[in-house]
Amino acid sequence: MEFMRPVWAEINLAALRRNYARVQSYTHAEMMPIVKANAYGHGALPVAGALRALGAKRFGVALLEEALEIKQAYPDLTLMVIGTTPEEASDVLVREDIIPGISRLSQAAALSAAAVRQERVARLHVKVDTGMGRIGFRHEDAASILEIAALPNLRIEGIYTHFAAADQQDLSFAHEQLDRFNRIYSRLRAQGLSIPLRHAANSAAILRLPEAHFELVRPGIVLYGLPPSRQVGPEAELEPVLSWKTKITHLKMIAQGETVSYGRTFCAAYPTRVATIPVGYADGLRRALSNRGEALIRGRRVPMIGRICMDQTLLDVTKLPAAEVGDVVTLIGADGSDRLEATEMAEVLKTINYEIVCGISGRVPRVYAEN
Ligand SMILES: *Cc1c(COP(=O)(O)O)cnc(C)c1O
């Protein structure tokens, strides 16, 4: 494999496991790790496999396709699609015993019909929209949920909602959402429908809203060692799981006044030593980092210069006269005593760390380590 392009993401499964234990220490509830979007770019199967070995039994994904991939590798796991599944997928859901989140009566009817056809009982979780405004039954609509309960061959195993602002300083809206969720749950109970599993907490709510833990929690970003927001996370002492690395493929000096890359946006103010790395926006290294991003080489920070290209990027390594072709370059992760965080890259780009790790493209091989 030595001839391959030296660009890779290192996934530290030992750090993942330590994060899982730390998150579990915040709650007595069962954890349903969220492994959507290829486990936030970390690799759904290796992540699910590592957490399964620690006792995780349920996993949440966004898409049925993602659930099927994991179910195929680990048939003993319970997979739940927390997003939307199309009604046409009902037969597959029943056959593969994958739990859908249900937001509309017609979805439940289609699932019921499929279960009747297959002479099986289909599990489902009812999604309640308490303020996220995305999917789910409106929080006043207990009537529709009671209608679902009357459909044949269905078992309402769970009821859940999602917080819009559990990661912000002000938790008043999260409390409002929690009240709405508790109210509809009580109304259903008063009508004779008791649902065994309630879940609401994402990472931020696991860390700061114990009253939202209920029977099940849905940790995502914290398992990958990243804080849900600027306000939340540092106290949990999480370890980032993913590092993103490459190697110098070319080195040269350019004279004062010379430019590099498209558009000639970087012009050397002094004789400049320029390193080329074989990674670009097709790998998820966002072009908006042009002339703004940083990388680590030999434990030192060096700036990205000029426009980031599709497959290549340039660095000013003038202060590293010893740098050589083949030196490891860290885009995210630790090198020596310094570290570049996905969160820091996100701040430069005015986005969130979630988007950075999910955005590392499929072209970048994931390498699994245990240190
Ligand atoms: C993505 C997602 C989560 C996990 O969110 P984190 O902030 O990463 O913990 C939980 N629940 C739902 C419904 C989600 O879509």
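## The annotated lysine

Let's start with Lys36: an unreviewed UniProt entry gives this residue the annotation "modified residue: N6-(pyridoxal phosphate)lysine". Keep in mind that the model you are looking at is predicted. Lys36 sits in helix H2, and with a relative accessibility of 27% it counts as partly exposed.

Who does Lys36 touch, once residues up to four places away in sequence are set aside? Its contacts are Gly60, Val61, Ala62, Glu66 and Ile82.

## The chain as a whole

Now for a step back. The chain has 371 residues, and 54% of them are buried. Its secondary structure adds up to eleven helices and 21 strands. If you follow the C-alpha trace along its principal axes, it spans about 80 × 45 × 40 Å.

Take the contacts between residues at least 6 apart in sequence: 67% of these join residues at least 24 apart.

## The C-terminal domain

The UniProt record, again an unreviewed entry, places the feature "domain: Alanine racemase C-terminal" at residues 241-369. That span is 10% helix and 39% strand. The C-alpha atoms at its two ends lie 10 Å apart.

## Helix H1 and its surroundings

Helix H1 covers residues 13-24, and its length can be checked with a little arithmetic. At 1.5 Å a residue, its twelve residues should span 16 Å, and the end C-alpha atoms are indeed 16 Å apart, so the two values agree. At the start of the helix, a side-chain oxygen of Asn12 comes to within 3.0 Å of the backbone nitrogen of Ala14.

Which residues of H1 are buried? They are Leu13, Ala14, Ala15, Leu16, Asn19, Tyr20 and Val23. The elements that these buried residues pack against come from several parts of the chain: strands S1 (7-12), S2 (30-31) and S21 (366-369), along with helices H3 (44-52) and H9 (203-208).

## Rings that meet

The structure holds three aromatic pairs. One of them joins Tyr40 and Tyr354 in a tilted arrangement, with 6.1 Å from centre to centre and 35° between the planes. Tyr40 belongs to helix H2 (residues 36-40) and Tyr354 to helix H11 (residues 353-358), so this pair ties together parts that are 314 residues apart in sequence. H2 is also the helix that holds Lys36.

Are the two partners buried or exposed? Tyr40 is buried, because its relative accessible area is 5%, under the 20% cut-off. Tyr354, at 25% relative accessibility, counts as partly exposed. Ring pairs also bring in Tyr224, which is linked with Tyr40 and Tyr354 into a cluster.

Another ring has a charged neighbour: Arg198 lies over the face of Tyr185, 4.7 Å from the ring centre.

## A loop residue: Ala164

Last stop: Ala164, which is found in the loop between strand S8 (154-160) and helix H8 (172-190). At 35% relative accessibility, Ala164 counts as partly exposed. Leaving out residues up to four places away in sequence, Ala164 touches Gly131, Met132, Phe173 and Gln177.

How far is Ala164 from Met80, going by their C-alpha atoms? They are separated by 20 Å, and the two residues are 84 residues apart along the chain.

Key
Residues numbered from 1 in each chain as written. Predicted model: local features only at pLDDT ≥ 70, side-chain atom pairs only at ≥ 80, totals over all residues. Heavy atoms only, no water. Phe/Tyr/Trp six-rings, centres within 6.5 Å; stacked < 30°, edge-to-face > 60°. Helix = DSSP H or I, 4+ residues; strand = E, 2+ residues; numbered from the N terminus. Buried < 20%, exposed > 50% of the residue type's maximum accessible area, 1.4 Å probe, protein only. Lys NZ or Arg CZ within 6 Å of the ring centre and 35° of its normal. UniProt positions renumbered as here; feature names shortened; annotations may be inferred. Contact = heavy atoms within 4.5 Å. Expected span 1.5 Å × (residues − 1). Polar contact = N/O pair within 3.5 Å; in protein donor to acceptor, adjacent residues only side chain to side chain.
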